[in-house]
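Subject: Structure for your review

Dear colleague,

Please find below the structure that I am handing over to you. I would be grateful if you could keep it open while you read the notes that come after it.

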Amino acid sequence: MSYRGPLFENRFVKSLPADEISQNYGRQVHGAIYSRVSPTHVSAPSTLILSDELANQIGFSQEFRHSQDFAEVFSGNKLLPGMDPYASRYGGHQFGHWAGQLGDGRAINLGEVALKEGGSLALQLKGAGATPYSRGADGRAVLRSSVREFLCSEAMHYLGVPTTRALSLVLTGDTVIRDMFYDGNSQEEPGAIVCRVASSFTRFGHFQLCAVKGENELLERLLDYTIEVDFPHLHAHELNGTYSRQDIYLLWFDEVCRKTADMVIEWMRVGFVHGVMNTDNMSVLGLTIDYGPYGWLDNYDLNWTPNATDAEMRRYRFGQQPLIAQWNLWQLANSLLLIVDDAASLEKILVDFTGYYEQQWREMLGRKLGLRSFDSGTDEILIARLNRVLQLHETDMTIFFRTLAMFDPYLPEARFTDVVMSAFYQPEEIPSEVLTEINAWGDLYAERLRRDDMATEQRRLFMNAVNPKYVLRNYLAQQAIDHAHLGDYAMLRELYVLLQAPYAEQPESVRFAEKRPEWARHKAGCSMLSCSS
Ligand code: AMP
Ligand code: MG
């Protein structure tokens, strides 16, 4: 292969201790952060879709990205110069219970590339075969879940939500056997591999497993490495002696808490439900990571979860995401106790999460409502009542907020519900007392907007930049998957283009802004998802 692109660095591999065993079989790994492992060969890789923006940023030439070599590399069949592939070791709490060693069971890291603008990006194949952390599973991923990861992580990026990204989606040419509904009906499905990209893939669970195993020194090394590479501004404080190392650890934890809060705020802003907020799926950089049985709110419902496995407890329901984030941070703090000699400060940071989150949440809602700034005197009531109003009758969250910008507070004769009517499911069934209550909120909102006295056009622009027109509605992702299973990738590509400008009107694509059709209400993939992927 003649390749003249960026060379891969392996800072992670070079800086942290490796598993001494290099054979690829399932095992408990001790005293190491990662195990070297090669991707398993696939039979006929072909590139289905890729991000030109990311490929440009990384520095892959047009020629390379359209070559068969690209498909070979991003399916794991070939390595680029400098790549030294590995799977990392982590643990985690799954659904509130400590699960022991998990690790990259089907993710294989290829290394990092330095960027011209500074910083670096790590590349990771998801579905490239078994690793020492596969726990008996095949290390593969199916097309359906890969389409979901590719489209959603990219959609989130363009919405402005912190997330890992996707460089490519490659078909492997092999089939994978999955029991999608865990009902004994296994089926062959097409296999695929997504190349995920992030500045780092370090998870809470990386620290947790070191702590549980009592590997203090390893924990410290990992934390020092993370601070040096992923939090260079904190590292600078250490270098110039402004803070002690213990102080830096606390500053680091404080920053992880804030980044996590900021990420969840953004999920709440766009109506995203992660679905599996286990601590192994939490990035210390506050990036949305591990797109599994996630979903997007159609009707605004704080209790909704897309994850069929969680249907009963609803631990990871939309409205509980901030609390779970904080719970997860408690687990991370517990791990740090091994090397941070100041439980009281860690606890204070954790408690402060609540105030910080609530403040950010209010401000975020203020922006969605087009307010100049959040005024706690009046706006506390406004958003509390809004929260209730949105749940009185099934109301599409995305459409509601988007159409809110069309509301003119200077037109007293206009009924608020007429402006947002397209957001209601079964609008003809709304009881009159509910209409009255919603309109009463509209009156309050109009009064508040008049007090701000912002030109309507200006407010619209402002609101349309925070209330997306297009999100990856569950049924749309499922339709793209259904077509892809028939070998038709047009919708996948069309959605990808659409979701790169989620705040633009894109009048030719309005059909993708429509609310969930009735047929999708209870259809698998559209309302409920299994973890099997
Ligand atoms: P997840 O629920 O996707 O976050 O995965 C939880 C754990 O199971 C992680 O350690 C994954 O690497 C592992 N895992 C999930 N699916 C597979 C698979 N098909 N093969 C190997 N490991 C897997
Ligand atoms: Mg995971």
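The notes below describe the domains first and then the ligand.

Please bear in mind that this is a predicted model. The domain assignment divides the chain into domain 1 (8-204), domain 2 (211-292 + 304-366) and domain 3 (371-453). As the ranges show, domain 2 is made of two segments of the chain. The centres of domain 2 and domain 3, taken over C-alpha atoms, are 34 Å apart. These two domains touch through eight residues of domain 2 and six residues of domain 3.

Ligand 1 occupies the largest pocket. Domain 1 and domain 2 each supply at least three residues to the shell around ligand 1. This shell holds 16 residues, of which Gly103, Gly105, Arg135, Gly139 and Asn281 come nearest to the ligand. Sorted by class, the shell contains eight charged, six polar and two nonpolar residues.

Which atoms of the protein lie 3.3 Å from ligand 1? One is a backbone N or O atom of Arg140, at that distance from a nitrogen atom of the ligand. Another is a polar side-chain atom of Asp290, which lies 3.3 Å from a ligand oxygen atom. In addition, a polar backbone atom of Gly105 is 2.7 Å from an oxygen atom of ligand 1. On its own, ligand 1 has 480 Å² of accessible area, and the protein covers 81% of this.

Yours sincerely,
A colleague

Methods
Residues are numbered from 1 along each chain as its sequence is written. Chains are lettered from A and ligands numbered from 1 in the order in which they are written. This is a predicted model: local features need pLDDT of at least 70, side-chain atom pairs count only at pLDDT 80 or more; totals for chains, interfaces and linings use all residues. Side-chain values use heavy atoms; hydrogens and water are left out. A residue is near a molecule or strand if one of its heavy atoms lies within 4 Å of it. A polar contact is a pair of N or O atoms within 3.5 Å; within protein, one must be able to donate a hydrogen and the other to accept it, and residues adjacent in sequence count only if both atoms are side-chain atoms. Accessible areas come from the Shrake-Rupley method with a 1.4 Å probe; for residues, only the protein chains shown count as cover. On a 1 Å grid over the protein atoms alone, a cavity is a set of points where a 1.4 Å probe fits but cannot get out, and a pocket is an open set with protein on both sides within 12 Å along at least five of seven lines; lining residues have an atom within 4 Å of a point. A molecule sits in a cavity or pocket if more than half of its atoms lie within 2 Å of its grid points. Ala, Val, Leu, Ile, Met, Phe, Trp, Tyr, Cys and Pro count as nonpolar, Asp, Glu, Lys and Arg as charged, and the others, Gly among them, as polar. Domain bounds come from an automatic or database domain assignment. Contact means heavy atoms within 4.5 Å.
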